[in-house]
Amino acid sequence: MTVLLAATAAVRGVSPANAATYPNPGTVTGSTGAHDPTIVKRPSGGYLMATTGAGITLKTSNDRTAFADAGRAFPNGTPWANPYTNGDTNLWAPDISHRNGRYVMYYSASSFGSSRSAIFLATSTTGAAGSWTNQGLVIESTTSSNWNAIDPNLTVTSSGEWWLSFGSFWSGIKLIKLNPGTGKRADNTLINLAERVVNDKSVEAPFIHARGGYYYLFVSFDFCCRGATSTYRIMVGRSRSIAGPYVDQAGVAMTAGGGTEILAGHDSIHGPGHPAVLSDTDADVLVYHYYTSSGAACLGINLLGWTSSAWPYVY
């Protein structure tokens with residue numbers, strides 16, 4: 001009950017008096033090191049996870065608790081991404097789903113602090129290591145852009161429209177429409193979903209989840225990738241339209257810095273963020289990463305509950 005009350009207070013826009021009342025991550029075992037995790041339920045059973053890593057790290061699980069290493073999506077390198085990564089083999093923040101009989105993955109290539117970034121598309125019929133085919137560039141940003149092409153998330157609406165949200169810092173979170181046949185841009189429109197004007201404009205890692213007539217925009221505020229000093233926290237707003245406007249529970253637009261906090265650092269859990277939501281048969285599942293006190297990046301999994309006014313909380 002304590003956790004539920006604290007989480008409910010958080011979705012009202014009021015942080016709990018003691019952040020330690022946020023729930024700890026649920027039990028996960030095996031290969032639990034992860035950064036920017038994304039997960040999909042496999043048609044044949046079990047789960048496939050992809051995370052930031054050299055050639056994109058893959059993991060599998062039969063029960064959403066025990067995870068095993070499953071190799072790399074691109075074990076032989078990704079030379080097409082090198083111009084954006086300065087030759088680093090790490091690819092960032094994959095977004096994985098299963099569409100029309102194949103796995104679809106959007107992923108980003110960049111370097112820290114740079115807006116010279118790109119989002120690419122890859123597909124696979126099995127999801128296995130080495131089976132992924134790069135389908136090319138989806139969108140890129142340059143050093144003169146006021147937005148950043150990283151952290152992609154694909155959302156497919158109930159009417160079959162494909163949309164890709166992405167972005168970080170600068171002018172914040174963006175949305176583009178995709179052609180469902182190609183997975184590439186449908187037009188040149190760039191929609192602004194969320195932006196901060198404080199704390200170095202730190203908003204990134206969008207994930208849009210449709211439920212009950214609303215689209216929920218989950219994002220991360222503050223700072224990632226600093227080990228135990230990371231200050232990432234998970235925020236949410238909602239809209240009746242996928243293109244916004246998104247507002248938090250207090251009615252503040254996310255384009256004006258709004259966002260309702262649902263999970264933040266507490267005790268030995270530091271900087272939880274980069275959220276993804278999986279609608280599973282038992283519950284809506286929140287997947288994210290956090291840092292231990294030693295600075296290790298770990299997989300976090302919790303469940304999402306929903307208040308009577310249709311706002312999410314973590315338990």
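Which side chain does the side chain of Asp36 make a polar contact with? His274, at 3.2 Å; the close-ups below start there. Everything shown is a predicted model, where local features need pLDDT of at least 70, side-chain atom pairs count only at pLDDT 80 or more, and totals for chains, interfaces and linings use all residues. Residues are numbered from 1 along each chain as its sequence is written, and side-chain values use heavy atoms, with hydrogens and water left out.

**View 1. Asp36, a buried acid without a salt bridge.** Asp36 sits in the loop between β1 (29-30) and β2 (38-41). Strands here are DSSP runs of E with at least two residues, numbered from the N terminus. Asp36 is buried, where buried means under 20% relative accessible area, exposed over 50% and partly exposed in between (1.4 Å probe, protein chains only). No salt bridge serves Asp36, and the nearest side chain of opposite charge, Lys59, is 13 Å away. A salt bridge here is a side-chain nitrogen of Lys or Arg within 4 Å of a carboxyl oxygen of Asp or Glu; for charge, Lys and Arg count as positive and Asp and Glu as negative, while His and the chain ends are not counted. What Asp36 does have is the polar contact with His274 (a pair of N or O atoms within 3.5 Å; within protein, one must be able to donate a hydrogen and the other to accept it, and residues adjacent in sequence count only if both atoms are side-chain atoms). Leaving out residues up to four places away in sequence, Asp36 touches Ala50, Thr51, Thr52, Ala93, Pro94, His274 and His289, contact meaning heavy atoms within 4.5 Å.

**View 2. Strand β8 and its two partners, β7 and β9.** Seven of the eight residues in β8 (residues 102-109) are buried. β8 runs antiparallel to β7 (residues 90-99), with six bridges joining them; two strands count as paired if DSSP finds at least two bridges between them. Trp92 has Ser108 as its bridge partner in β8. Two residues lie between the strands of this hairpin, and Asn100 takes a positive phi near 55° there. β8 also pairs with β9 (residues 117-124), again antiparallel, over seven bridges, and Met105 has Ala122 as its bridge partner in β9.

**View 3. The open sheet β11-β12-β13-β14.** The four strands pair antiparallel in that order. β11 (153-156) and β14 (191-194) each have a single partner strand, so one side of each is left without a neighbour in the sheet. From one strand to the next, the twist averages 30°, with axes fitted as lines to C-alpha atoms and angles running from 0 to 180 degrees between N-to-C directions. In the middle, β12 (residues 162-167) and β13 (residues 173-178) share six bridges, and Gly167 stands opposite Ile173 in β13.

**View 4. Ser202, tucked into the loop between β14 and β15 (203-211).** Ser202 counts as buried, at 0% relative accessibility. Ser202 and Tyr232 are 30 residues apart in sequence, yet 9.3 Å apart C-alpha to C-alpha. Apart from neighbours within four places in sequence, Ser202 is in contact with Phe169, Arg196, Ser220, Phe221, Asp222 and Phe223.

**View 5. A second four-strand open sheet, β19-β20-β21-β22.** Pairing is antiparallel here too. At the edges stand β19 (270-279) and β22 (312-314), each with a single partner strand. Three bridges join β21 (residues 297-306) to β22, and Trp306 stands opposite Pro312.

**View 6. Salt bridges, picked from the 10 found in the whole structure.** Asp280 pairs with Lys41, the closest N and O atoms being 2.7 Å apart. Asp280 lies in the loop between β19 and β20 (284-291) and Lys41 in strand β2, so the pair ties together parts 239 residues apart in sequence. Asp280 is buried at 11%, whereas Lys41 is partly exposed at 32%. Both belong to a salt-bridge network with Arg64 and Asp282. Lys59 and Asp69 meet at 3.5 Å, N to O; Lys59 is buried at 3%, while Asp69 is exposed at 58%. Glu195 and Lys201 make another salt bridge, at 3.0 Å, with Glu195 buried at 18% and Lys201 partly exposed at 28%.
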